[in-house]
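Work through the exercises below with the sequence and the structure in view. Each task is followed by a solution in steps.

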Amino acid sequence: MAVRKPPITTREYWAPGHAACAGCGCATALKLATKAFSEAMEEKYGDPNAFAIAQATGCMEVVSAVFPYTAWKVPWIHVAFENAAAAASGVEAAWKKLGRRGKILAIGGDGGTADIGMQALSGMLERRHNVVYLMYDNEAYMNTGIQRSSSTPYGAWTTTSPPGKYSIGEDKPKKWVALIAAAHQVPYVATASIGNPFDFVRKMKRAAKVDGPAFVQVHCTCPTGWKSPLEKGVEIARLAIETGIWPLFEIENGDFFNIKIQAPGGGAKVKREGGRVVAIEFKKPIEEYLKLQGRFKHLFKRPEAIDEMREQIKAMWKVLGVDVTLPKPGE
Amino acid sequence: MAESPFKADIERVKREYSEKMTPGAVARIPGSSVVNKTGSWRVFMPEFNRDKCVRCYLCYIYCPEPAIYLDEENYPVFDYDYCKGCGICANECPTDAIVMVRETK
Ligand SMILES: Cc1ncc(C[n+]2csc(CCOP(=O)(O)OP(=O)(O)O)c2C)c(N)n1
Ligand code: SF4
Ligand code: SF4
Ligand code: SF4
Ligand SMILES: [Mg+2]
């Protein structure tokens, strides 16, 4: 049998022995992101190691950098929770001064990006630093014990959005940082997911290769905070795409009108007009995604909240210029 | 048998590791987390059946540790020193070449 080559470099920048929970989807995301970055740097500069990382406080920083150990095999700096983008900006400016070629990768969680790091991120994008900012979105402050962030989705349980008699859990729609980043009219912005690793790797490479700032928001499972089975991490992320919960798109230079939308799979019917996706008919109900996670368990006693979630998802797709239909179970 | 891509790191940590505080809390040895043998966390263990494997690389791509590397023929090798037993590889394998079995030790 003819064997294909491995689809990604076998060079490793993320070493085992780190302290992430078993089945952590964010660990998978960082492993793949660094491999993609290394391929991009090799293709662009002939040097697979022409990058460095600045990372915000959060699970992936804490689990990878327990002093005196580190899981990183690439120059890496941690400063604080709010300033990965500022630290990366400084490293990039220094590299420029030194005449060193390559690109800087900034990494932050959803709390570190959508909330406390928002200002540093906006500054980094606006000043046009040659940095890729990777937001790994596990949809809450996991490292400090599962508190809500502005990127926590509607209906989710967290310790600070507890469901009960007067609460359905998180009661506000998710804030989409990728859209805010795109409004800075930077060369490249994308959403991605560990549920589609090939798409994620392609986007990370694209982000790493463009001249100027880029932003990638990757959806990654946190079995601890989502109360989901360890082995289902990738399956859950895939279901988020297939049910319409997690859109995959790319926006170049803030050109929202020419947004590129990736087909979600899962039997969904995609309608295009002049190459542009204008409508998607999803075939899998969002319940298939929700039911695998304890953080949404309470919603099954509150079907009106799940219907409200459907309305919010439709409104989100509308911002992307796409009319979607979302089936109910059995439809 | 193929070698772990982290073999050099494991040997370097053995030689050079020190608990001494460094200026700026610099972690001196890249990839030194390999001293932590997280395989001890495991409750279930992935058992690999080479005959069923079609070398699609999915397990290799998804493993969060990573505790899967490739041998000379590009078959996956499971590194039980680090595998935490999450079961993602078995859940995603398209041919059931991986099954999770309970640890006996
Ligand atoms: C200024 C500041 N406030 C609070 C903290 C405590 N803190 C550490 S990690 C964290 C949550 C990180 O959440 P997120 O960015 O979503 O990353 P995750 O842990 O979910 O991966 C918080 C609040 C801190 N380190 N610094
Ligand atoms: S709490 Fe969640 S994000 Fe943090 S290490 Fe565990 S699984 Fe990963
Ligand atoms: S069980 Fe999890 S940690 Fe172990 S090899 Fe499979 S994917 Fe990796
Ligand atoms: S996922 Fe299964 S078939 Fe694919 S490489 Fe791994 S063991 Fe082989
Ligand atoms: Mg988070």
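**Exercise 1. Find which residue is the bridge partner of A:Lys269 in E10(A), and describe how the strands E9 and E10 of chain A pair.**

Solution. The model is a predicted one. Step one: the bridge partner of A:Lys269 in E10(A) is A:Glu281. Step two: A:Lys269 belongs to strand E9, residues 269–273 of chain A, and A:Glu281 to strand E10, residues 276–281 of chain A. These two strands are antiparallel and share five bridges. Step three: two residues lie between the strands of this hairpin, and A:Gly274 has a positive phi near 55°.

**Exercise 2. Place E9 and E10 of chain A in their sheet, and state which strands stand at the edges.**

Solution. Step one: the sheet is open, consists of three strands and has the order E9-E10-E11 in chain A. Step two: E10(A) and E11(A) are parallel, with three bridges, whereas E9 and E10 of chain A are antiparallel; the pairing of the sheet is therefore called mixed. In general, strands of a sheet pair through backbone hydrogen bonds, in either of these two senses. Step three: A:Ile280 is opposite A:Val324 in E11(A). Step four: E9 and E11 (323–325) of chain A each have a single partner strand, so they stand at the edges and one side of each has no neighbour in the sheet. From one strand to the next, the twist averages 25°.

**Exercise 3. Name the protein donors of the magnesium ion (ligand 5), and decide whether A:Asp110 is buried or exposed.**

Solution. Step one: the donors are A:Asp110 (OD), A:Asn138 (OD1) and A:Ala140 (O), at 2.0 Å from the ion. Step two: their spacing in sequence is D-x27-N-x1-A. A:Asp110 is in helix H4 (residues 110–115) of chain A, while A:Asn138 is in the loop between strand E4 (131–137) and helix H6 (177–182) of chain A, so that the pair, 28 residues apart, links distant parts of the chain. Step three: a residue counts as buried under 20% relative accessible area. A:Asp110, at 1%, is therefore buried, and A:Asn138, at 3%, is buried as well.

**Exercise 4. List polar contacts of ligand 1, including that of A:Asp110.**

Solution. Step one: 17 residues surround ligand 1, and those that come nearest are A:Gly111, A:Gly112, A:Tyr136, A:Ala140 and A:Met142. Step two: a polar side-chain atom of A:Asp110 is 2.9 Å from an oxygen atom of ligand 1. Step three: backbone N or O atoms also lie by oxygen atoms of the ligand, at 2.8 Å for A:Gly112 and at 2.9 Å for A:Met142.

**Exercise 5. State how the residues of the shell around ligand 4 divide by class, then describe B:Arg55.**

Solution. Step one: the shell has 10 nonpolar residues, one polar and one charged. Among its members are B:Phe48, B:Cys53, B:Arg55 and B:Thr95. Step two: B:Arg55 lies in the loop between strand E1 (44–48) and H2 of chain B. Step three: its phi is positive, about 50°, although B:Arg55 is not a glycine. Most residues other than glycine have a negative phi. Step four: with a relative accessible area of 11%, B:Arg55 is buried.

Methods: Residues are numbered from 1 along each chain as its sequence is written. Chains are lettered from A and ligands numbered from 1 in the order in which they are written. This is a predicted model: local features need pLDDT of at least 70, side-chain atom pairs count only at pLDDT 80 or more; totals for chains, interfaces and linings use all residues. Side-chain values use heavy atoms; hydrogens and water are left out. A residue is near a molecule or strand if one of its heavy atoms lies within 4 Å of it. Ala, Val, Leu, Ile, Met, Phe, Trp, Tyr, Cys and Pro count as nonpolar, Asp, Glu, Lys and Arg as charged, and the others, Gly among them, as polar. Two strands pair if DSSP finds at least two bridges between them. Helices (H or I, at least four residues) and strands (E, at least two) are DSSP runs, numbered from the N terminus. Axes are lines fitted to C-alpha atoms, for helices over the stretch in contact, and angles run from 0 to 180 degrees between N-to-C directions. Donors are N, O and S atoms within 2.8 Å of the metal (3.2 Å for Na, K and Ca); water is not among the atoms, so sites may look incomplete. Buried means under 20% relative accessible area, exposed over 50%, partly exposed in between (1.4 Å probe, protein chains only). A polar contact is a pair of N or O atoms within 3.5 Å; within protein, one must be able to donate a hydrogen and the other to accept it, and residues adjacent in sequence count only if both atoms are side-chain atoms.
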